[in-house]
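The following exercises concern a predicted model. Each task is followed by a solution in steps.

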Amino acid sequence: MAFFTYIVANRRNGTLYAGSTDNLIKRINGHREKRRDGFTTRYGVAILVWFEVHETRQAAFRRERQIKEWKRGWKLEFSERQNPGWADPFDTLAG
């Protein structure tokens, strides 16, 4: 089973959110459909900017916590470096 750490945004250089999950497609769909009240719903954060795969839930969660400790500028720089066009790979993944 794969586990994921991801970053979603509301627009390029906008509001960012880092999370982790064992079902990336379901989680991103949840963000897009605003299934849960909270930060991502309030700020319209639903564009998948970046993700990585981990072998364990603990590794994905540790990476999420690491990213959440970063300053906003670092997260923006990281997102820009990993995905210069801020292209959303979700439709390719959901195929």
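**Exercise 1.** Determine which residue forms a salt bridge with arginine 35, and classify both partners by exposure.

*Solution.* The partner of arginine 35 is glutamate 33, with the closest N and O atoms 2.7 Å apart. For the classification, buried means under 20% relative accessible area and exposed means over 50%, with partly exposed in between. Arginine 35 has 48% relative accessibility and therefore counts as partly exposed. Glutamate 33, with a relative accessible area of 49%, is likewise partly exposed.

**Exercise 2.** Locate the salt bridge between arginine 63 and glutamate 52 in the chain, and state whether arginine 63 is buried or exposed.

*Solution.* The closest N and O atoms of arginine 63 and glutamate 52 are 2.7 Å apart. This pair links distant parts of the chain, since arginine 63 belongs to helix H3 (residues 57-69) and glutamate 52 to strand S3, 11 residues apart. At 18% relative accessibility, arginine 63 is buried.

**Exercise 3.** Describe the sheet that contains strand S3 and identify its edge strands.

*Solution.* The sheet is open, with 3 strands in the order S2-S1-S3 and antiparallel pairing. Strands S2 (16-21) and S3 (47-54) each have a single partner strand, so one side of each lacks a neighbour in the sheet. Between S1 (residues 3-9) and S3 there are 7 bridges; phenylalanine 3 has histidine 54 in S3 as its bridge partner.

**Exercise 4.** Establish which residues of helix H1 (residues 24-32) are buried and how they are arranged.

*Solution.* The buried residues are Leu24, Ile28, Gly30 and His31. Their arc around the axis is only 155°, which puts them on the same side of H1. The elements they pack against include S1, S2 and S3.

Conventions:
Residues are numbered from 1 along each chain as its sequence is written. This is a predicted model: local features need pLDDT of at least 70, side-chain atom pairs count only at pLDDT 80 or more; totals for chains, interfaces and linings use all residues. Side-chain values use heavy atoms; hydrogens and water are left out. Two strands pair if DSSP finds at least two bridges between them. Helices (H or I, at least four residues) and strands (E, at least two) are DSSP runs, numbered from the N terminus. Buried means under 20% relative accessible area, exposed over 50%, partly exposed in between (1.4 Å probe, protein chains only). The arc is that of the directions from the helix axis to the C-beta atoms. Contact means heavy atoms within 4.5 Å. A salt bridge is a side-chain nitrogen of Lys or Arg within 4 Å of a carboxyl oxygen of Asp or Glu.
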